[in-house]
Amino acid sequence: MNHTLNNQPKADILVVDDTPANLRFLSQMLVDQGYNVRKAINGQMALTAVKTIIPDLILLDINLPEMNGYQVCEQLKKDERTQNIPIIFLSALDDILDKVKAFQVGGVDYITKPFQFEEVLIRIQNQLTIQQLQSQLKQQNSQLQLTVQELKSTQAQLIQKEKMVSLGQLVAGIAHEINNPISFISGNLVPTQEYIQDLLKLIYLYQNEYPQPSIAIQSFLQECDLEFMINDLQNILGSMQRGTERIRRIILALRIFSRLGESDIKPVDLHQGLDSTLLLLQYRLRAEGQRAEIEIIKSYDNLPHVTCYASQINQVFLNLLTNSIDALELGVGAKTPPNLSPTIWIITESINPNEVRIRIKDNGVGMSEEVKSQLFNPFFTTKPVGQGIGLGLTTCYEIIVQKHQGKLSFNSSQEEGCEFIIDLPTQMKDIVVNN
């Protein structure tokens, strides 16, 4: 629309009338009022003029040669580009049926000839004002819908962030609480093994000193099978030692993942974060049902420490690795070599002295073009209802791009797997780090 309220530039008006005198009179009077005016003497010329430049309003005579005003109006209302142009009919026909038909085909007003120009002018101004207000209302409604959508997205992301903060605090708390008793158990295993060795030595000494024990002792030795017990006891103690060491590694992984006791931003070893995340996801890598165990192939470059919000970067690793595992649970891509098991590749490399790259790739089922086009959209998910809210990759994008001034991209084809690529600066701009 060319017109706006409050003394803004006037509208573009198309006058359609086959009577030259009427056409000249209306055109001149409207030009004198400051409107931009175009003229057409028949219906076909009117349609051509509308296609060239869409007017803000049309004054349309009914009695036109070859194509009457009703037919012109119907043609305009069928086209999405022109259906909202206000059309005021001008006609010498004063029958009520003619007026009814004018409104039925889409006219907004009807002026009977002969007319006073002041009447035409007021009706034009009214329709232009209505059109302007409708346009403003439509624009405001669109803006309101966009604002509501943004508010929903922001609210959901805040809830997601709050969950992750709570999860980080919970993980850190559990790691701290478990660390004390497991340290107690691990610390006591060594002296326990020493005590058992001393007791066994004492038993052997007794056997040497008293090679012929009493009937009761001989009977008990046969029942308990001392030699088997001694061998099995060493195995049990060894299993306990390995179990406590595994728990200690998991606790360390939890502490690294949640970055317990560290400042929000500092230089960190990204490989530590990747390895701790993999350890936490170990249970999902095991063979399950008809799916073989997922193989992890790591190719780590000698990366410099990267200044970042470590817990947030670990969350990105967790989301991307979880996505790869989810994809592999659907199956290996049909274009994968038949002898290749479900696999996730993790490759890190220094792009230049100031930037590092992390690539997480799988040989799963890949993504369709439709999925790829919506991948980073809030609330978009391919998971069944109740299994995902579609904020994982949106959160990843926000963390990498907005929080860390990096880049997050992906490559994927159906049945050929998917690869996510993270580019991170080693030092974010305008960030002062307190070591």
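**Group meeting: helix crossings, one cavity and two backbone oddities**

Okay, let's start with a helix pair: the axes of helix 2, residues 43–52, and helix 3, residues 69–78, come within 10 Å and cross at roughly 25 degrees. Before I go on, remember that this is a predicted model. Angles under 35 degrees count as roughly parallel, and helix 2 and helix 3 are therefore roughly parallel to each other. Their crossing is right-handed. Who does the touching? On the helix 2 side you have Gly43, Leu47 and Val50, and on the helix 3 side Val72, Gln75 and Leu76. Sort the residues of that contact by class and you get four nonpolar, two polar and no charged.

Now the second pair, helix 8 and helix 10. Helix 8 covers 270–280 and helix 10 covers 310–329. Here the axes come within 9 Å, and the crossing angle is roughly 45 degrees. Helix 8 and helix 10 are therefore oblique to each other. The handedness of this crossing is again right-handed. If you want to pull up the contact, select Leu270, Gly273, Leu274, Thr277 and Leu278 in helix 8; they meet Ile313, Asn314, Phe317, Leu318 and Leu321 in helix 10. By class, the contact residues of helix 8 with helix 10 come out as seven nonpolar, three polar and no charged.

Keep those two helices on screen, since they come back with the cavity. How many cavities of 30 Å³ or more does a search of the whole structure find? Just one. The space in this largest cavity is about 40 Å³. Helix 8 and helix 10 are the elements that give two or more residues to its lining. Which of them gives the most? That's helix 10, with four residues. Ten residues line the cavity in total, and Val268, Asp269, Leu270, Ala310 and Asn314 lie nearest its centre. You may recognise two of those names: Leu270 and Asn314 are also in the contact between helix 8 and helix 10. The lining itself splits into six nonpolar, two polar and two charged residues.

Last stop, the backbone. As a reminder, most residues other than glycine have a negative phi, and most peptide bonds are trans. So where are the exceptions I want to show you? One is the peptide bond joining lysine 113 and proline 114, which is cis, with omega at about -10 degrees. Proline 114 sits in the loop between strand 5, residues 109–112, and helix 5, residues 117–209. The other is aspartate 225, a residue other than glycine with a positive phi, near 50 degrees. You'll find aspartate 225 in the loop between helix 6, residues 215–224, and helix 7, residues 226–258.

That's my tour; happy to rotate anything you'd like to see.

How values were computed:
Residues numbered from 1 in each chain as written. Predicted model: local features only at pLDDT ≥ 70, side-chain atom pairs only at ≥ 80, totals over all residues. Heavy atoms only, no water. 1 Å grid on protein atoms, 1.4 Å probe; cavity = no way out; pocket = protein on both sides within 12 Å on 5 of 7 lines; lining within 4 Å. Points joined across faces, edges and corners; volume = space filled by probe spheres on them. Nonpolar A, V, L, I, M, F, W, Y, C, P; charged D, E, K, R; others polar. Axes fitted to C-alpha atoms, helices over the stretch in contact; angles between N-to-C directions. Parallel < 35°, antiparallel > 145°, perpendicular 65-115°, else oblique. Left-handed = near helix turned anticlockwise from the far one by under 90°. Contact = heavy atoms within 4.5 Å.
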